[in-house]
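Student: I'd like to learn how to read a two-chain model without getting lost in it. Could we go through it one feature at a time?

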Amino acid sequence: MSELDTSVQLCIFDTSRGQSDGQELDKILFFYPSESPFSAQLSLIGLGEGIITFTKMFSPNAPCDIIDTEKRSHVFFQPEPDIWMILVIEKRKESGELGRTRALQAILMEAHGLFTLFYGSIRALLLNSPSGDVARSCLQAFLPDYISDVMTVKRLSMLSSHSGLQERGTIQMMALDRSTALEVQSVVDLLQSWFGSGRIHHTLLLFQDLLVSTTLPPEDAAHLYTYARMRLIPAAISTSSGGHSLKKVLSRANSSSVHLKASASDITAAGQRPSPADSSNHHSQFFTPRPLQHDKWWRDNDGFLVTDAWGVDAQGMSAITPTVWLQQSSQERMKLVAYQHKQLTVVMLISVMHLAPNADGSHVLRNQVLEKASNKLNALEDRLSKEWGGINANHVPGYRYLYVDYDSRVSKASPAGKIATLTKDSLLSLDKVRSEIDIAKGRCDGSGEAQPYELETCVRTRSNAWVVVRIRGNHELYLVLERASETLLLTAEATEKFSRRHCDGIFASD
Amino acid sequence: MRESDPSDKELNSENNDLQTENPGSQDVSFAYQQTFDAKQADDGPCSLPSHLSEKELDNNGSSTCDNGVNIESADAQREATGLTTFEFPVPEEGPQTYVKKVKSELEGASDGNQTEYNSDGIEEPDPGDTNANAEHRECSPRVANAQFNSQDKSDPKGNEILEQRDTVVNRSLTAFSSTCNIEPVESSIIRVQSAVENGNMEGHRPYADSEGKIASLSAVDGVAASSNGRESFEEIEVVDSGLVKNGGLLKRDLFLEKQHQSEDDSSESWRKHKKHFFILSHAGKPIYSRYGDEHKLAGFAATLQAIMSFVENGGDRINYVRSGDHQVVFLVKGPVYLVSISSTNEPLRVLRRQLDLLHGQLLLILTRSLEKCFVKNANFDLRPLLGGTENVFSSLIHSFSWNFASFLSSYTCLPLSHTARQAAGAALQDIADKNLLFALLLSDSKVISLVGAQKASLHPDDIFLLSNFVSSSESFRNTESFSPICLPKYNSMTFLYAYIRYLDPDICLILITKNSDAFFHLKDCRARIEGFLMETHVLRDISNSVARGGLRVEELPGGDVSYTSAPRSRRMGDTKDSTITVKLKAGVGGTAGLWHFIYRCVYLDQYVASEFSSPLETPQAKKRLFRAYQSLYASIHGAPTGAHQMQYRRDGNFVLLAWSTSDFEFLAAFDPLAEKSSSITVCNRVCQWVRDMENDLFFIGGSPFNW
């Protein structure tokens, strides 16, 4: 532990715990890197708590967002009452620039969103297991995987200035023409029309990494979409093992899954249901699922995706079907079943409540899908892949853009490959402009103005690029134009043109 | 430390006493008045008396309003301060001695080493001890002369007056004696004392400043005011006996009269202030707080210190904390910590600069040698040394929301015809000698002309801080003063001496020298300059320009209006009428919806801004635009890859355009509905026009000040 890398630290703590002297460690629910000495952990939490208390004096409704020091940035996010996440990032001298506070908070928000998707809220876990062990083991099972995902070479990928034209936590939709949209609708209707133990409550259809359709409300959709993009889409599933059999799964499972000593009863108690008694029969050891573990999803021969990240059943014969918690819609627990055909991924959610206690509805569902829907799904994939414009489908020549609709959490942006062609100067300027706007916007939210926030900004950078921002209500458009000779007027015109064509004229001046 | 401070304070203390007594006994105040009137009659130009009398009058006149009384008295104090300032040509004591004093103070105060105090204390506070005065005077006859002579060359008269005063109010003696006091240690003690009193009085001034400059600081702490008199009186008592006891007593109830003085960090109203500023020592001792009583805020200051040192212990340094609307910005300047807590949404860059200026103002009063005090004694209490300067800080902070210089780091000039400005420059050049470092002719914060010794250039921030220091001190207005100051950007380590005299209510002459004995010489210089300006009618031109006001966007046509050749017929009074006409076309502003603009000439470090006119007449609108400019400017310059060239911003309030080139920077505000194309045309036209008028709008060619 001589050279502990502390360039990124993540800490989650509960201010309502460990109130008495000597009990401070009880506050800590998670700390990354976990090898950090307790003194360092306590010192960070001490600072965090101190500042939170301090800022509450002046800003009781919005305690600390960020502490900035010479060497580090501490970004705060309070996902649940009394529960705080602090992300500490060491500043690098060479770049000098840090990601926007909002963007960093979006990481924390996303981490928490995904966490609750799989485990329920931290508070619920704590209530069910006051010692905090379950919450800690869940966080421990989840967050290191997440962190490794958002980090690239010891650095949060987000800190690269390229993130200026991306918006974490939003959905990117695939553009469909009308008849395709109807076809999608009919498939979804078909899937959801089945009753019985395999009844599908919600669906989420993706083509590659683009969302085709979903029946989920925006927030849940965003979380599930994020997860699907991270682990379920064709590009993300494990390729190492074509036609994996469950046997292999099992052998792997035993060797590689984390065995965290949380008893089954704890987990399910947090979830709900079964009595502690009946679970103690089989497994003394229970998997705390690691939903984000890499290479844990395979495509089975029949097109269904399987994973052992949630462990295997009592007999060791089949993997346990993952479950998710929907936060926004029903606070319900759902089984997650995914079917994939070529580029098309269908995520289906079955309500646990409607299943017989020990029945795994997924078998029924599998059969139904294979029998009644696979043809339709295959045809749909065919049609979508014809309609798909390629990875540069969203490219608009001459523009690098990001358009976000925060109402539906949908965003549309230039393809990453095209964004990468921008100069660093432009991206840094964009980042700067965005962070200013974040602050101004935050202020506007706070003041609760009835009028929708409206803003138009055009900035000509030192290197002659134009950075344009248009905001109207919850719709935001960011543009970078690198045509050196443009004047303000021409830029404004170009923006107007773009808005008319690609944003339904939402930002039209009149 | 200004050496003069002690004396100021003492004078102040006199005033205080006066004040104190006033509420209680009208008779006394009358008596005062009489004395002063008499004095005035005798002395004519003697500024001190006149102030006092003013004060008295005010006291009497506004007996209903306690605040008024306080304010006035405070002013009087200020004036007194001014007086004392010049009185203190600081014969023997250079800055070093000052430091020594400080040190001695330190030791005395912090160590609780009362012996020193005692020994010193013996002499001054004794009420009614005229002898002490006499003695002191004997010690430093020259000093005494200087004081009174400056007002009126008759020493004896001054003395008489003083004595009279003394007899009326015993305490006032202290002040006087301190003025005469040469011995470092003694004076230091006196300073402490006076600081106490000053604190009381000064607190009120900002808010009630009769000049209306600080009008925006509207709230007046009535409660504190009402008790003011008594408080200060008590304090004096405390001082008398308190010196013997402990420095701690002195600190108690130091600045009771400040605005929102009754508040502290536990009161809701205190927390709701939009913008707090704190200065504290690295040991956590409060030095200054914009709102509330520093003493009561000791716990809060300790919290701030704890946060900063917590981070420092981790080998790091805290920059800022943001939480929702609020930003807490920290700045460490050696042993001095500066903190602002604001919900004004100003950019970080701007807030940091404001803290930096606040620190500069502190240095202007005390020099960087204050750091030595902390080296000697980490627990050193700086507040006594700043007694009476609260107003300087509050006026500075206020200027952060109206004076463009605060974020442009440039100064602005009074519009004046080229010939008139040249004549003014010539007048300043005329008195060149090797002892003179800078000569400035200011109209409020606007520069009329300035000259500097070879190789010495005056930084715009120094001009800003100096003009704030001078204009926030009433005392300078009515007397000629000689005050030790420090120009932090020029040399933050040493004291310089500023001869300050208002040639008329709008025109202030400041002559800065290294020589602490130069008062009389500079007095002569001033007479020459004044004479010259009078003869050449430059003074009249200046007054006309002041009355005329700055540029108005309504009057900026295609460039055919020449500022000098066709001076607008407006005077101060007219301007008011004109607003009526403007109101007829309210909301129109200039052509193409131009509401306001600022043009900054990069190589001259100067800017010119139009007057706020029709749609921007309310204080809120002005402040909103000011802040918008501020963040626009910060945005342009805050880019990591170099300043942006141009920025256009439209929101519900304005269209803002910023344009930055290597030669100039231009900021303009338009009606939010203004069209891009026409506003760009107007911007180009205005820039061209300003360039054409450069000679009248800017002070040009003075840069290599030679003599």
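Here is a walk through cores, a helix, the chain contact and salt bridges.

Student: What should I know before I start?

Tutor: This is a predicted model, in which local features need pLDDT of at least 70, side-chain atom pairs count only at pLDDT 80 or more, and totals for chains, interfaces and linings use all residues. Residues are numbered from 1 along each chain as its sequence is written, chains are lettered from A and ligands numbered from 1 in the order in which they are written, and side-chain values use heavy atoms, with hydrogens and water left out.

Student: Which residues touch the most other members of the largest nonpolar core?

Tutor: The general idea is that in soluble globular proteins, nonpolar side chains tend to be buried together. A nonpolar core is a set of buried Ala, Val, Leu, Ile, Met, Phe, Trp, Tyr and Cys residues joined through side-chain atoms within 4.5 Å. Buried means under 20% relative accessible area, exposed over 50%, and partly exposed in between, with a 1.4 Å probe and protein chains only. Here the largest core has 143 residues, and Leu440(B), Ile510(B) and Ile512(B) touch the most other members. Helix 4 (residues 133-150) of chain A gives the most to this core, with 10 residues; helices (H or I, at least four residues) and strands (E, at least two) are DSSP runs, numbered from the N terminus. A second, separate core of 42 residues includes Val553(B), Val608(B), Phe670(B) and Val686(B).

Student: Val686(B) sits in a helix, I think. Which residues of helix 28 of chain B are buried?

Tutor: Lys676(B), Ser679(B), Val682(B), Cys683(B), Val686(B), Cys687(B), Trp689(B) and Val690(B) are. Seen down the axis of helix 28 of chain B, these fall within an arc of 165° (taken from the directions from the helix axis to the C-beta atoms), so they line one face of the helix.

Student: How many residues does each chain bring to the contact?

Tutor: Contact means heavy atoms within 4.5 Å, and this one takes 49 residues from chain B and 47 residues from chain A. The size of an interface is often given as the accessible area lost when the parts come together. That buried area uses a 1.4 Å probe and is summed over both parts. Chain B and chain A bury about 4300 Å² between them, 57% of it on carbon and sulfur atoms. On the chain B side, Arg322(B), Gln645(B) and Arg650(B) lose the most area to chain A, together 15% of what that side buries.

Student: Can you show me one residue that touches both chains?

Tutor: Try Thr457(A), in strand 20 (residues 454-460) of chain A. Leaving out residues up to four places away in sequence, Thr457(A) touches Val467(A), Val468(A), Val469(A), Gln647(B), Tyr648(B) and Arg649(B). Thr457(A) counts as buried because its relative accessibility is 2%.

Student: How many salt bridges are there between chain B and chain A?

Tutor: Five, where a salt bridge is a side-chain nitrogen of Lys or Arg within 4 Å of a carboxyl oxygen of Asp or Glu. Lys676(B) pairs with Glu456(A), the closest N and O atoms being 2.8 Å apart.

Student: And within chain B, how far apart in the chain are Arg627(B) and Glu346(B)?

Tutor: They are 281 residues apart, with Arg627(B) in helix 27 (residues 619-637) of chain B. Their salt bridge has its closest N and O atoms 3.6 Å apart. Glu346(B) counts as buried, at 2% relative accessibility.

Methods: Buried area = accessible area lost by both parts, 1.4 Å probe.
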